Amino acid sequence: MDRPRTLDPRRERAFQNRVESLPLQWNTERFLREGATRKVPERTFSIIKPDAVADGLAGAILAELDKAGFRIVSIRRESITKHEAEGFYAVHSSKPFFSGLTDFMSSGPLFLMVLEKDNAIADLRKLMGATNPANAEEGTIRKKFARSLGENAIHGSDAPETAAFEIAYWFAGYELI
Ligand code: UDP
Ligand code: MG
């Protein structure tokens with residue numbers, strides 16, 4: 001943003017305040033100063049899975065995430081291909097449930113999300129509950145909303161390394177400012 005040519009210090013101050021309050025990506029000066037180095041809370045990757053979207057539960061799950069203090073850094077509704085699901089779940093490629101899992105994940109629209117908060121990775125896993133909703137604690141998202149072991153409403157990264165891989169698999173850097 002160009003600086004107005006003014007010698008009035010009050011107007012100069014007002015202009016500065018306005019610039020400082022812009023979101024980081026619209027404020028070139030601040031972005032160059034802080035964008036690459038600022039400390040951000042931990043980030044994790046999450047999916048509202050096709051069962052929950054089909055059951056009309058996406059809004060309720062977003063509300064749970066909001067209530068638990070997660071900031072949505074990026075979100076995208078998408079129908080992914082079987083091939084994309086296989087790449088995402090490559091760590092499970094030798095498991096007996098791999099084919100069913102990737103069929104299910106490519107069966108309908110889902111929400112891909114990057115979430116941010118202190119301790120985001122562990123806190124999301126706790127809020128999700130156990131993989132099998134039958135074993136999930138009361139009050140967890142899977143206990144409340146999942147259909148079954150396979151169709152279990154939500155995904156969350158399980159460690160910093162997987163969070164980094166999973167975020168980069170679905171989102172570009174410019175979508176994560
Ligand atoms: N899954 C399944 N059958 C199983 C175990 C897992 O269909 O016996 C599916 C389920 O949707 C699960 C996903 O595969 O969420 C990934 O499995 P993982 O063990 O990583 O569970 P998560 O990390 O999602 O709790
Ligand atoms: Mg997992």
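**View 1. Strand β1 pairs with β4 in the antiparallel sense, over three bridges.** This is a predicted model, so treat the close-ups accordingly. Look for Ser46 here: its bridge partner in β4 is Gly156.

**View 2. On to the pairing of β1 with β3, also antiparallel, over six bridges.** A handy place to get your bearings is Arg43, which sits opposite Glu116 of β3.

**View 3. How much of β1 is buried?** Six of its six residues are, so the rest of the structure largely encloses this strand. Side chains in a regular strand alternate between the sheet's two faces. Here Arg43, Phe45 and Ile47 point one way, Thr44, Ser46 and Ile48 point the other way, and all of them are buried.

**View 4. Helix α7 spans residues 120-128, and its buried residues are Ala120, Ile121, Leu124, Leu127 and Met128.** These five span an arc of only 130° around the axis, which puts them on the same side of α7. An α-helix makes a turn every 3.6 residues, so positions three or four apart point the same way. What covers the buried residues of α7? The cover includes β1 (43-48), α4 (58-67), β3 (110-116), α8 (141-145), β4 (154-156) and α9 (160-170). Just after the helix comes Gly129, with a positive phi near 90°.

**View 5. Ligand 1 and the residues around it: His92, Phe97, Leu101, Thr131, Leu149, Gly150, Asn152, His155 and Asp158.** Sorted by character, this shell has three nonpolar residues, five polar ones and one charged.

Technical notes:
Residues numbered from 1 in each chain as written. Chains lettered and ligands numbered in written order. Predicted model: local features only at pLDDT ≥ 70, side-chain atom pairs only at ≥ 80, totals over all residues. Buried ≥ 20, exposed ≤ 12 C-beta atoms within 10 Å, placed from the backbone. Helix = DSSP H or I, 4+ residues; strand = E, 2+ residues; numbered from the N terminus. Arc of directions from axis to C-beta. Contact = placed C-beta atoms within 7 Å. Near = placed C-beta within 6 Å. Nonpolar A, V, L, I, M, F, W, Y, C, P; charged D, E, K, R; others polar. Pairing = 2+ DSSP bridges.
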